[in-house]
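Student: Could you take me on a close look at a single part of this model? I would enjoy one connected walk through the surroundings of one residue.

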Amino acid sequence: MTESLLERTLKSALLAGASFAILAGTAYAQDPAPAAPAAEPAAATAEAEEEVVVTGTRIKKPNQENPTSTVVIDSLAVELSGEANSADILRQVPQIGVQGITPVNSNFQTAGAGINSIDLRNLGTDRTLVLVNDKRFVSGISGAQVVDFNMIPTALIERIDVVTGGASAVYGSDALAGVVNVILNKNFTGVQVALQGGWNEVYSTASTARASLTAGSDFADGKGNAVFSVSYDWSGAAYARSRPETAVDCNAVDVGVQVCPFYSSYILGGRFRISTGAGGASASYVIDPVSGAVRAYNGATDGFNRQGQRLNLVPLERTNFSSFVNYDVAPGHTLYFEGYYAKSESTSQIEPFPMDSNNIFGGLTEQNGQQQGIIAGVPLTNPYIPAGLLNAAIARGANQIGFAIRAAEFGNRGSVADRATARFVLGMKGEIGGGWDYDFSYVWGETQDNQFSDGQINVANFRNALDAIDLGGGNIVCRDPVARAQGCVPVNIFNPVGQPGNWTQQQIDYLQADGTRQQRMEQEVLSLVVTGDLFELPAGAVQSAFGMEYRQEYSLDRPDVLQQQGLNGGNKAPVTEGSFDVYEAFGEVDIPLITDAPWAKELKLHAAARISDYSTVGDTFAWSTDLTWQPIDDIKFRGQYARAVRAPNIGELYSGPSETFAQVTDPCNNLRTAAAGGPLPGGPTDANVIANCLANPAIATRANQPAGVDPYNPANTQGGFVLSQPELQGTGGFIGGNPNLTEETADTWTFGFVFTPKFAKWAETLVLSVDYFNITIDDAIAAISRNDVLRLCYASSGLSSPLCGQFVRDVNGALTDVNSGAANSRKLETSGLDVQASYRMDLGQTFGSEEDIGSLTFTVNYQWLDKYTTTVFPGSPFESVIESAGSLGAFRHKMQASALYEIGDFMFNLDANFVSDAHDFDPSTIGAQWFFDAQVRYNVTESATVLFGVRNIFDEYVFIGQGASTSVPTGWATDPDSYDGLGRRFYAGVRLRY
């Protein structure tokens, strides 16, 4: 491949920078030690020490100056949260959304259970860039750029900076929503030990334990510093059966109103379907456990309760090792190293596999088989068929029997995911001369995720085992001699309802298909940054930062062979493998326009730009500019416009078509024609949609049914096309990537002010900031939802939309497959207001007491959400605009507040989190909710601290209902991403410092 000019230029410059850094360090190391410099004035020294690189810019400046609104979570706030994972701490911040993958919403993930990620502004985890010590961190999810916070050590956190809005010009792709920068303590000295344990009042199995050891010391007469830290965290499982709202399978019909039980029709013992000789609907039968007779299936009593085996919280065990070394190889030149190794293990668990005969026979039902003259069920020659069931089949003119069984013989389904992340940073930084500094670094990281799944079934072997014959004398074998030679063992699936089969280990070994999945993500980043003053203006020096960067990303997701072919009873899962690289050049300038004028103590312009050349989408350009104006000491105004970009990730580009069976909304459901009695509640009302539905002969036949017995859906007595529970429970289909995707672009506006009053002594500790934000993302990449495929097809004239070729219906008109894929198909818009305030008061001074009665510190972080709009297919005839502000997760008002009381060695902290009501349900509304946490700690000695805390003090639980909303994960009756769903829990610990 021919290199572009940008690629050749950047390669040469990066190699030159590397050579310069090495040679400069070598030259200085060989020179004699210079004479000690003259002492600097104390003020100048203090000012120099305060000059740091703050998140949002690479230009060194005082720590309190930041060109954009920033939420800072310091190490004390981390400690006071009581949380072991920094992602759980961040999710309390109003600016953080609810769309990340977490241990409370990932139990049903095919891959990724237990991963902990965050999402700024609800704009998607792929649009939030996560840094550790200002540098990128390798992804924890295959095909994506999403960081797993399980792999970031909490014990070493010095602070976490959250900068919202487009930051691509400074940091590159993925920063459309903003940046989360985890700053770790790289210069720790001493020894610190932390131990903590916790207990959950509601989910007694969800206990927690954590321990950490951190040690650091200077060496080589202060030229170097080394830090080592190891931490261990464990959290137990939380079972759905532990809470009354989720102990039994239910179906929500309104907020807080459930129909219980709503059992699954895939049952222990098996539900057996028999069609008529002429085809049509099947009748369902079970074998009575008491009489042994064959009788009709009764969903209310025979159904299976899936909630008994489901988890609300995936258990997690993780270990983190971290080390940092800084060494002054020569005056003004420091060699630095960061090393990380983290390992985690998570275990998901759901109910045993729901095996349908159509899973075994390539998607064909016994009805299809009966009509097409082929076998798509258990042939009547199977000697295990009970006489009563055989007679019923013969009476109906059937030649085969379909089934829906709960394969408990193989145990619960679930997966154990062993993940490991290794990462190191090697760099050199120092002074070039003339006030210019450099930082040259190489970052390498790799994540491996090895997953083992059980509870699955080998479809091909199961098909052979069902086709059994009796050779005489009770010698039952598989019919196919080739299969027999390969170890085929026949199996009896005809068991009394509620009772699993008593299968031998030989049968289980032949039929089970435990799965494996290997994922590997690798990242390399080579960068050179130089900073310094360009020239002087009357108002001060023009500061700058320039640099170049090369980055390569690789991702592999390889399921085992049976999963790839969909032959383990589960969905087809293809191999996804891909990579890309990007060459980038960037620059920033800080231009002081006015200083110490009567109307402008300071007026400063900041600008940044980045040009990138991707191997996938070609050239992209991001830029930003912001202006700060401080008319007086008390107040500073700031505003920013940013154009940010995000290149598509590997999964979006190269993911193969993955199979899914998630539930979809059929636009034709509950359709009843005028001849059959008129419209049904919940049915289609648009004339065009109705006409398109009736164009399908099977739907038309069912829609013309009057009230009475429905042969297609025995539960329906009102007539019309009303889908049965099995037809509603899941619809197959495939979702894949798109190599023709282009980059996303975002326009971000922010403006506001920072108020730090100096007019009175009592007000000097008050800091108040108010910022308005507006983010618009064009060409947003998203999988066209399968519901959108159906909606847009049936809204088109005469089913003319190309999306109408993306789904399949069976002979009874029910959906069997709906397919979809990724596209630059959306526009995302969000806007609102951020307010941050902090105030510290000395109670003795406030109340005129001469004794120390302590101090109080109040902090508030509040967000008002004005707009959160998703436009699907913007500008097309099928444009659809969805306004979600005020819904679950996109609350109009969110607030985090805390009050910290300190006196001597005693400290008490109270945290409060508030979300406003949610209008997802019309006319019902989910009310506003407060959650409170508290911690008390006491310094027993100068080196020992004990602490005790309570999360969710009042045991609040926002009951919504199972299945009431897509925001309620399967197995839950609340939205655990929006509300604390784990109930009241306690923890206690000790911190030792030496």
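Tutor: Let's begin with a side-chain pair: Asp980 and Arg985 make a polar contact through their side chains, at 3.1 Å. Please keep in mind that this is a predicted model. The side chain of Asp980 also reaches a backbone atom, the nitrogen of Leu982, at 3.0 Å.

Now for where this residue sits. Asp980 belongs to the loop between strand E45 (944–951) and strand E46 (985–993). Arg985, its side-chain partner, is thus a residue of E46, because that strand spans 985–993. On the other side of the loop, Arg951 lies 29 residues from Asp980 along the chain, and 9.2 Å separates the C-alpha atoms of these two residues.

Is Asp980 buried or exposed? Its relative accessible area is 16%, and since buried means under 20%, Asp980 counts as buried. As for what surrounds it, leaving out residues up to four places away in sequence, Asp980 touches Phe931, Asn952, Glu956 and Arg985. Arg985 therefore turns up twice, both in this list of touching residues and as the side-chain polar partner at 3.1 Å.

Put together, the picture is of a buried aspartate in the loop between E45 and E46, whose side chain reaches the backbone nitrogen of Leu982 and makes a polar contact with the side chain of Arg985.

How values were computed:
Residues are numbered from 1 along each chain as its sequence is written. This is a predicted model: local features need pLDDT of at least 70, side-chain atom pairs count only at pLDDT 80 or more; totals for chains, interfaces and linings use all residues. Side-chain values use heavy atoms; hydrogens and water are left out. Helices (H or I, at least four residues) and strands (E, at least two) are DSSP runs, numbered from the N terminus. Buried means under 20% relative accessible area, exposed over 50%, partly exposed in between (1.4 Å probe, protein chains only). Contact means heavy atoms within 4.5 Å. A polar contact is a pair of N or O atoms within 3.5 Å; within protein, one must be able to donate a hydrogen and the other to accept it, and residues adjacent in sequence count only if both atoms are side-chain atoms.
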